[in-house]
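Q: I'm new to this one, so please pick a single part and walk me through it slowly. Start with whatever I need to know to follow along.

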Amino acid sequence: MEISYNPSIAFQSHQSLIIATIVTLLPLLLAVRSLLFRRPHKPNVSRPAPSAGKEKTKQAIPSCSCNGTSGSEAFLNGDKAALAEEDMVTADVSKVAAERQSGASMMEQLVPEITTHALSYLDYPSLCRLSMTNSLMRKAANDDNAWKALYHKDFTLEQDSITPVNGWKAYYAATRAIMNVNTEFFNIIRNRSLTAMSCFWLNADYVKCVHASGEHFSGYNAVIQSWQLAFNWEQGVDFQVRDVRARVLTDMAWVTMKTFVDMDSGPFNMTNIFEFHHGRWYLVHHHSSVMLLADADMEHQIVHG
């Protein structure tokens, strides 16, 4: 009896056995593959802390080396990048230290005329605040030319040729102080306060007051009585003060101005003279007179123009 061999029938009879064998061998093959292609394990060598590394690098790279041995060793050890970075850091630190020692700054590198021009845009409070920031700004803000420019901007150009004894900053402060005292004079008149006016004048026999009426009073008592009469008989007035000019000396100052009681009428020429006694300014002379008609018309056109 002859038996014929059929491959399809044989495959079907062994199919389940082949599948079971593949499933069994597949995990084993994956495990072998992972073992073959795994990277060799490197021993865990403890690295020095970053601070210790920087300290070591700093010791290996002195700021001044005569033979260059330390720098060559770092280069041969493969620390070229670290060496270059450390050189940059050392250079930056040295530069900052040099700037601090020499006092160099961007402000000091400017041409003095440019610095003065830049500071001229600041007002009095801003310039004072700038001088309190640091030593370099204090030096720039205390520059005499800067205060001279500020004086001309806030007050007058008439005193360009003078040379203040204590510098322009002190002269600016003294001028502003006398301006404030002069403003107080008009506030006293507006408030019609005889007590404040009595304290405002120096108690001396040589003080004098000339009112706009032309009446002249000499001596402290006569001057105060003249203001008492003015406050009793005249209504309160509100002066508009224009064209204020001040000149300040060591213990004496005078202020000239034009005042308007009514903007439709002519202005008055006024002069106040002050003396410095016991730490404050006192009024010793006041003069008020009506301007001439031609001058009044011109001033009226300037104000309303």
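A: One term first: two residues are in contact, or touch, when they have heavy atoms within 4.5 Å. Also keep in mind that this is a predicted model.

Let's start at H285, which sits in strand 6, residues 280-290. Leaving out residues up to four places away in sequence, H285 touches W201, K208, T271, N272 and I273. Take T271 from that list: T271 and H285 are 14 residues apart along the chain, and their C-alpha atoms are separated by 7.8 Å. Is H285 buried or exposed? Neither, quite: its relative accessible area is 22%, and buried means under 20%, so H285 counts as partly exposed.

T271 also leads us over to strand 4, residues 252-260, where we find T256. With residues up to four places away set aside, T256 touches M270 and T271, along with D243, V244 and R245. So T271 turns up in the contacts of H285 and in those of T256. N272, another contact of H285, is 16 residues from T256 in sequence, yet the C-alpha atoms of T256 and N272 are 6.6 Å apart in space. T256 has 31% relative accessibility, so it is partly exposed.

Stay in strand 4 and move along to T259. T259 has 0% relative accessibility, so this one is buried. What does T259 touch, apart from its neighbours within four places in sequence? The list is F186, F239, Q240, V241, P267, F268 and M270. M270 is a contact we met at T256 too.

Between strand 5, residues 268-277, and strand 6 there's a loop, and H278 is in it. H278 has a positive phi of about 55° although it is not a glycine. With a relative accessible area of 81%, H278 is exposed.

Now back to W201, the H285 contact I skipped. W201 belongs to the largest nonpolar core, which has 48 residues, and is among those with the most contacts inside it, as are I178, F185, M197, V207, W227 and F274. Helix 10, residues 167-191, gives the most to this core, with 10 residues. From that group, let's look at V207: beyond its neighbours within four places in sequence, V207 is in contact with W201, L202, F217, S218, G219, Y220, V223, L283 and V284.

Helix 10 is worth one more stop. What does helix 9, residues 144-154, do next to it? The two axes come within 7 Å and cross at roughly 30°; angles under 35 degrees count as roughly parallel, and therefore that's the label for helix 9 and helix 10. Their crossing is left-handed. By class, this contact has 6 nonpolar, 3 polar and 5 charged residues. Among those meeting across it are W147 and Y151 in helix 9 and W168 and Y172 in helix 10.

Finally, in the loop between helix 10 and helix 11 (194-200) you'll find R192. Phi of R192 is near 55°, a positive value in a residue other than glycine, and at 34% relative accessibility R192 counts as partly exposed.

Technical notes. Residues are numbered from 1 along each chain as its sequence is written. This is a predicted model: local features need pLDDT of at least 70, side-chain atom pairs count only at pLDDT 80 or more; totals for chains, interfaces and linings use all residues. Side-chain values use heavy atoms; hydrogens and water are left out. A nonpolar core is a set of buried Ala, Val, Leu, Ile, Met, Phe, Trp, Tyr and Cys residues joined through side-chain atoms within 4.5 Å. Buried means under 20% relative accessible area, exposed over 50%, partly exposed in between (1.4 Å probe, protein chains only). Helices (H or I, at least four residues) and strands (E, at least two) are DSSP runs, numbered from the N terminus. Axes are lines fitted to C-alpha atoms, for helices over the stretch in contact, and angles run from 0 to 180 degrees between N-to-C directions. Angles under 35 degrees count as roughly parallel, over 145 as roughly antiparallel, 65 to 115 as roughly perpendicular and the rest as oblique. A crossing is left-handed if the near helix is turned anticlockwise from the far one by less than a right angle, and right-handed if clockwise. Ala, Val, Leu, Ile, Met, Phe, Trp, Tyr, Cys and Pro count as nonpolar, Asp, Glu, Lys and Arg as charged, and the others, Gly among them, as polar.
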